[in-house]
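This briefing goes through a single protein model by topic, from strand pairing to packing and charged pairs. Please keep the sequence and the structure in view while reading.

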Amino acid sequence: QVWFNSDNGAGIYLDNLKDFTKINLNYDIKNGSYKLNQSGINESSLGISTEGGQKLNSGYAWGKFSFNNDFLKGTRFNTQMLDPTRGVPYYVADPNLSDWKKQDYKLEMSVASKPLWNFLHAGIKAEYVSKSGAKQVDPRSEVYYYHINVKPGLVATFGNHSVGLNAVYQNLSQTSSTTNSDSEVNQNVYVLKGLGNNYIATVGGLQSLGMFLYKGNTLGGAMQYSYMFPFVKIFFEGSYDYKVEDVISAPTKPKKEGTISERVIGANVAVVVEEGSDFGRLNLSFKDSKTNGIEYVQVLDNTYEVQRWVDIYSSIRSTYNYREMAASFDFFRKSVTDYKWRAGVNTKYTSNDDLYIMPESNMKIENMYVGGNIRFNVPLGKSSALLIGAELTYKYNYNGKYSYNGAEPESVIITEFMTPDFVFMKTSYKRLGGNIALETKVGRTRMSLNANLLYYDPMNMEKSRVHSQLGLGFNF
């Protein structure tokens, strides 16, 4: 499946997918103090997903629906973001220990048409995500988020060569309102600008912080190329996306808190080799993201029946650069109906280089991840099997620096939020994992019961974190 994981839905017919239907139930639990401040000390998630694909003459259609209900206990410094790690530096934080309740719906589809003029396929890939959540302690918030992503594409086939091209458009919106259950006590919050820079606002009273509105649009595209040898398939994809997202407070009297402009370049290479009873897959990927944080100088126009904020000046005040390079190789020893065993190795390099221009503050982190995994498929009679696997990953940090030179180095934002999170991100660790699954076939239905466990053991820290998962699946 090389085209299936690409941005171009028109190419999924080239993967020769069969008709299938899946239903999965999952329950996730995360526990432990080795975490970011905005993650929960305890997190639980209950999810269900349905997925299916069907051939349409010479085309193919695939779709998936998933729902998750999440509960986070013991978070800090996140007043109004469902996902504070999604790359927007402008949001509200408070130091109060709080729980979060969240839920999300996700619809995905990918459709490839039958051949046009015997060589051209048209297709579309689309995704709709709706999320909501509520912070449970003052200052508490209600947050609603959605995005829709559409990728129309074309694939042309000439013998063993296939060339694809697709466009990308995404629209997103998030609204968050912050209030106090106890109206007698106002709550101070911090409106973040990046790398710890902030200003203080209040929730409650006459000058209470208003609603925050996030509006963003992304335009981009990707191109693909694949070649089919008798036993080898080669695939390449290059992509480019450009995103602009505005952050506005008090929408009835809009005030710009900031804007981000983000440019992302990506590339992926896959080489699949299949001969006899052996199957191997090599994946290489590259991502380079450059984000500018734009801030505004505004004055309030108090003219009668106008009452609006007017832009006087805007400039880039912060930059965020992220680079990622990854490689993996997986090998399968096949049996008559499935595989006997599989093994894989992987490595990934990540680099963050962030700068707040004035007053100058910076953060640099470079990490390397190296890991391996193995899994055995043990037959239990004619219609059942036991799958047992293990994995080991090392994260090694070889560069980490955070320097804040703003006006309030003793602020809790620096001492209790930014600095501990920086230490978390640069800490080396080893991750041990194991998984076991029981699969059985009843009639035409294959049922699986699986359990997964991941244990994070950071170096030189008396902290840890455990991620466990239970799942039940049906494949029709």
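Helices of at least four residues and strands of at least two are DSSP runs, numbered from the N terminus. With that convention, Gly258 is found in strand S13, which covers residues 255-275. The model is predicted, and its local features are reported only where pLDDT is at least 70.

**Surroundings of Gly258**

- Gly258 has a relative accessible area of 0% and is therefore buried, the limit for that class being under 20%.
- Outside its own stretch of four places either way in sequence, Gly258 touches Tyr90, Glu245, Asp246, Val247, Ile294 and Tyr296.
- One of these contacts, Val247, is eleven residues from Gly258 in sequence, and the two C-alpha atoms are 5.4 Å apart.

**Strand pairing from S6 to S8**

- Strand S6 (residues 120-135) pairs with strand S7 (residues 140-158) in the antiparallel sense over 15 bridges, and a hairpin through four residues joins S6 to S7.
- S7 also runs antiparallel to strand S8 (residues 161-179), with 17 bridges between them; this second hairpin has two residues between its strands, and Gly159 in the turn has a positive phi of about 65°.
- Gly153 in S7 stands opposite Gly123, while in S8 the bridge partner of Gly153 is Asn166.

**The open sheet**

- Three strands form an open sheet in the order S4-S9-S10, with antiparallel pairing; S4 and S10 stand at the edges with a single partner strand each, so one side of each is left without a neighbour in the sheet.
- Within this sheet, S9 and S10 pair over seven bridges in the antiparallel sense, and Gln187 stands opposite Val203 in S10.

**Nonpolar cores and a surface patch**

- The largest nonpolar core has 29 residues, of which Leu209 and Ile413 touch the most other members; strands S4, S9, S10, S11 and S17 and helix H1 each supply at least two residues of this core, and H1 gives the most, with five residues.
- Leu209 touches Val92, Thr178, Val189, Val191, Ala201, Thr202 and Val203, not counting residues up to four places away in sequence.
- Apart from the largest core lies another core, of 16 residues, including Trp3, Ala10, Leu17 and Phe235.
- Ile374, Phe376, Val378, Leu380, Leu438 and Leu449 make a nonpolar surface patch of about 490 Å², with the largest share, four residues, coming from S17.
- Leu449, in strand S20 (residues 445-458), counts as exposed because its relative accessibility is 51%, and exposed means over 50%.

**Salt bridges**

- The structure holds 19 salt bridges, among them one between the side chains of Asp7 and Lys151 at 3.0 Å, N to O; this pair links distant parts of the chain, with Asp7 in the segment before strand S1, Lys151 in strand S7 and their positions 144 residues apart.
- Asp7 counts as buried at 18% relative accessibility, and Lys151 counts as buried at 15%.
- Lys256 forms a salt bridge with Asp311, the closest N and O atoms being 3.0 Å apart; Lys256 lies in strand S13 and Asp311 in strand S15, so the pair ties together parts that are 55 residues apart in sequence.
- Lys256 is partly exposed at 32% relative accessibility, and Asp311 is partly exposed at 35%.
- Salt bridges that share partners join Arg86, Lys243 and Glu245 into one network; in the bridge between Glu245 and Lys243 the closest N and O atoms are 3.1 Å apart, with Glu245 buried at 0% relative accessibility and Lys243 buried at 12%.

Terms used
Residues numbered from 1 in each chain as written. Predicted model: local features only at pLDDT ≥ 70, side-chain atom pairs only at ≥ 80, totals over all residues. Heavy atoms only, no water. Buried < 20%, exposed > 50% of the residue type's maximum accessible area, 1.4 Å probe, protein only. Contact = heavy atoms within 4.5 Å. Pairing = 2+ DSSP bridges. Core = buried A, V, L, I, M, F, W, Y, C linked by side-chain atoms within 4.5 Å. Patch = residues over 30% accessible without salt bridge, like charges linked within 9 Å, V, L, I, M, F, W, Y side chains within 5 Å. Areas by Shrake-Rupley, 256 points an atom, 1.4 Å probe, with all protein chains shown as cover. Salt bridge = Lys/Arg side-chain N within 4 Å of Asp/Glu carboxyl O.
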